[in-house]
Structure formats: C-alpha cells, structure tokens
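Got the viewer open? Load the model, switch to cartoon, and let's walk through it one selection at a time.

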Amino acid sequence: MNKKILNIVLFQPEIPFNTGAIGRTCVGLGAKLWLVRPLGFQLDDRHVKRCGLDYWERLDWEAVNDWEELKRKLPCLDRYFFFTKKATKSYLDQKFQAGDVLVFGSETRGIPDSFHEKYAGQRLRIPICEEARCLNLSVSVGVGAFEAIRQIHATATPAAGIGSEPS
C-alpha cells in the first residue's frame with residue numbers, strides 16, 4: 001500500500017529533461033512519481049538522471065505498463081486529479097488531501113480525450129494569461145504539487161516534513 005503524502009503521475013511523458021526535473025521536485029516534496037508507459041525515452045537516459053542530479057537515487061518512483069495497472073496500484077480513483085488546460089475548475093478551488101493523485105499528460109498531447117469524458121469532474125486548470133498557450137510540464141507539476149502540499153500541511157498536525165524544524 002502506498003503511504004506517500006502525494007502521488008505525481010506522468011501519463012506517457014516524452015521529454016527526459018522534464019521527467020528528471022519532476023523527479024527532483026518529488027524528492028523535495030516527499031511525493032512518489034509514477035510513470036505510465038510508453039515513455040518517450042529510456043529510464044536510464046543520461047538526460048533524465050542529469051536533470052534529476054543526485055536526487056534520482058533518492059526518488060521513490062515506479063513505472064507501470066499502462067493506465068489499468070496504475071489504477072490497480074492506486075485504487076483511490078475519486079482522489080485522482082487531472083491537470084489540463086481544457087478544465088474550467090481552478091486547482092486553487094480543489095481541497096487536496098494526503099495520498100491524492102495528481103495526473104499530468106504528455107508534453108505534446110496532454111491527457112487523453114477519453115479521460116476528459118470519464119473524469120470530467122476531476123479535471124483542474126492552472127489559470128494563465130490567454131497569450132500563453134500552456135506551461136511547461138515540469139512547471140505545471142511544481143505549481144499543482146506545491147499547492148497540494150501547502151493545503152495538506154495546513155490541515156495536518158505538526159510532524160516532520162516540509163517546512164518543519166529539524167529535531
């Protein structure tokens with residue numbers, strides 16, 4: 001059973017630099033990174049590890065073969081949140097909880113059309129100016145994940161973790 005404070009899912013990511021940077025963010029947050037195949041790179045790609053720097057060794061991550069396998073491993077489907085520019089609800093209006101699953105689509109295709117239909121009420125948007133088509137994937141993950149962590153820590157009892165004083 002997964003006990004991470006937050007789960008970050010990259011659905012068929014294509015760019016190793018983004019995945020490496022997101023891995024580094026996950027280490028900093030104490031989040032688990034899930035990669036749903038197919039990937040646009042090899043997991044031993046030097047670019048992934050270069051962007052993740054020495055953090056990659058400390059990253060809690062798992063690659064799954066497809067969406068169905070992810071759902072078996074993380075069965076809390078009502079706590080999946082899909083970040084997409086096609087959503088109307090802002091991520092700032094969502095109440096996040098420990099264990100939530102934040103799903104981000106590939107860099108060029110986003111999340112599949114079938115997800116828009118099936119999970120319509122769980123889609124979230126990061127509001128940006130109309131002049132900007134979209135944000136970089138690693139930036140989007142950082143924005144969404146840090147807001148989720150902020151909310152989780154604001155409602156939790158004091159414990160070791162992000163923002164706590166060393167013992």
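Start by selecting Phe96: at 5% relative accessibility it counts as buried, where buried means under 20% relative accessible area, exposed over 50% and partly exposed in between, with a 1.4 Å probe and protein chains only. Before going on, some housekeeping: this is a predicted model, in which local features need pLDDT of at least 70 and side-chain atom pairs count only at pLDDT 80 or more, while totals for chains, interfaces and linings use all residues. Residues are numbered from 1 along each chain as its sequence is written, and side-chain values use heavy atoms, with hydrogens and water left out.

**Stop 1: two Phe pairs**

Keep Phe96 selected and add Phe81, which is buried at 3% relative accessibility. How many aromatic pairs does the structure hold? There are 13, counting rings of Phe, Tyr and Trp (its six-membered ring) whose centres lie within 6.5 Å; planes under 30 degrees apart count as stacked, over 60 as edge-to-face and the rest as tilted. Phe81 and Phe96 make one of them: their ring centres are 5.7 Å apart and the planes sit at 85°, so this pair is edge-to-face. Phe81 is in strand β4 (residues 80-83) and Phe96 in the loop between β4 and β5 (100-104), so the pair ties together parts 15 residues apart in sequence. Those element names follow DSSP runs, numbered from the N terminus: helices are H or I with at least four residues, strands are E with at least two.

Now pick Phe82 and Phe115. Their ring centres are 5.7 Å apart with planes at 75°, so this pair is edge-to-face too. Phe82 is in strand β4 and Phe115 in helix α4 (residues 113-118), 33 residues apart, so to speak a link between distant parts of the chain. Both Phe82 and Phe115 are buried.

**Stop 2: the aromatic cluster**

Widen the selection to Phe11, Trp67, Tyr80, Phe82, Phe115 and Tyr119, which form one aromatic cluster. Centre on Trp67, found in helix α3 (residues 67-73) and buried at 9% relative accessibility. Which residues does Trp67 touch, leaving aside its neighbours within four places in sequence? Its contacts (heavy atoms within 4.5 Å) are Val9, Phe11, Val36, Tyr80, Phe82, Val103, Phe115 and Tyr119. For a distance label, try the C-alpha atoms of Trp67 and Leu35: they are 32 residues apart along the chain and separated by 9.8 Å.

**Stop 3: the sheet**

Go back to cartoon and show the strands. You get an open sheet of six, in the order β3-β2-β1-β5-β4-β6, with parallel pairing. Pairing here asks for at least two DSSP bridges between two strands. The edges are β3 (61-64) and β6 (123-124), each pairing on one side only. Zoom in on β1 (residues 6-11) and β2 (residues 32-36), a parallel pair with five bridges. Phe11 stands opposite Val36 in β2.

**Stop 4: backbone oddities**

Most residues other than glycine have a negative phi, and most peptide bonds are trans. Select Gln12, in the loop between β1 and α1 (16-29): its phi is near 55°, a positive value in a residue other than glycine. Gln12 is buried, at 18% relative accessibility. Next, pick Arg37 and Pro38, joined by a cis peptide bond with omega of about 5°. Pro38 is in the loop between β2 and α2 (46-52).

**Stop 5: a charge, cysteines and a histidine**

Show Lys32 and Trp34. The charged end of Lys32 sits over the ring of Trp34, 4.2 Å from its centre; the rule asks for NZ of Lys or CZ of Arg within 6 Å of the ring centre and within 35 degrees of the ring normal.

Select Cys76, partly exposed at 26% relative accessible area, and Cys129, exposed at 55%. The disulfide count is zero, taking a disulfide as a pair of cysteine sulfur atoms within 2.5 Å.

Last residue: His153, in helix α5 (residues 137-155) and partly exposed at 29% relative accessibility. His153 and Ile5 are 148 residues apart in sequence but 9.7 Å apart in space, C-alpha to C-alpha.

**Zoom out**

The protein chain has five helices and six strands, running β-α-β-α-β-α-β-β-α-β-α from the N terminus. Of its 167 residues, 47% count as buried.
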